[in-house]
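Me: I'd love to go through this fold with you, one question at a time. Shall we start?

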Amino acid sequence: SIINDNKNDLLFYDILNYHISSYKNDFDIIIVGDDEALDLVLKYKNVIFPNTPIIFEGIENRSIAEIAAMDPLITGSIEKLNFENNIHTALNLYPDAKNIIAIADNTLTGIGDREQFYDEQEQFPNLTFKDINSSELNEKDFISAISKLNDDTILLYLNMSETLDKKQYSDYEVCKLITENTAIPLFC
């Protein structure tokens, strides 16, 4: 699970810096996967990887990818999620749906997922797009929010690794929590 705070960043930096120092920083290239890893590399690249080319992949937050790509030594690709096909599939199964609600948190990945989700609104003018942000709800309030959803809603799971009360979740735990507390199907 992901713990998003400066203390965790610094601990990870210390461990990474310790291991890298034994290699005398002779790297030809660094490959970075996922939003939080790219964010950490951007914070410490001049200290840990000075003058080293970096390639990122699996980035869902376009903003952090664009910031990274401004550096001439950094390039990569974002992970474009296929919301359009998933929503079409859900609508084929539930043609009377009026709402689509995405579950995401405030991690960099969650922010990127949420942005991509809302980018699809134009494609589906008959649906009302909303989200449930688990980082802004404790577990009890999150359960309350999803338990009130009815069959005019398509529920789409993007990501959720934390709640407001700092409880951490694996994907398995999230899916179990959701499916045990709502009567509508969960798409992902």
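**Helices and sheet**

Me: Does the end-to-end distance of helix H2 (residues 35–48) agree or disagree with its 14 residues, and how far apart are its end C-alpha atoms?
Reply: Helices (H or I, at least four residues) and strands (E, at least two) are DSSP runs, numbered from the N terminus. The expected span is 1.5 Å times one less than the number of residues. For the 14 residues of H2 that gives 20 Å, which agrees with the distance between the end C-alpha atoms, 18 Å.

Me: Good to know! On which residue is the kink in H2 centred?
Reply: The bend at a residue is the angle between axes fitted to the seven residues ending there and the seven starting there. In H2 the kink is about 45°, and its centre is Leu42.

Me: Which strands stand at the edges of the sheet?
Reply: Strands pair if DSSP finds at least two bridges between them. The open sheet has 3 strands in the order S1-S2-S3, with parallel pairing. Each edge strand has a single partner, so one side is left without a neighbour in the sheet; these are S1 (30–33) and S3 (74–78).

Me: And which residue in S3 is the bridge partner of Ile59?
Reply: Strand S2 (residues 54–59) runs parallel to S3, joined by 4 bridges. The partner of Ile59 in S3 is Ile78.

Me: What should I keep in mind about the model?
Reply: This is a predicted model, where local features need pLDDT of at least 70, side-chain atom pairs count only at pLDDT 80 or more, and totals for chains, interfaces and linings use all residues. Residues are numbered from 1 along each chain as its sequence is written, and side-chain values use heavy atoms, leaving out hydrogens and water.
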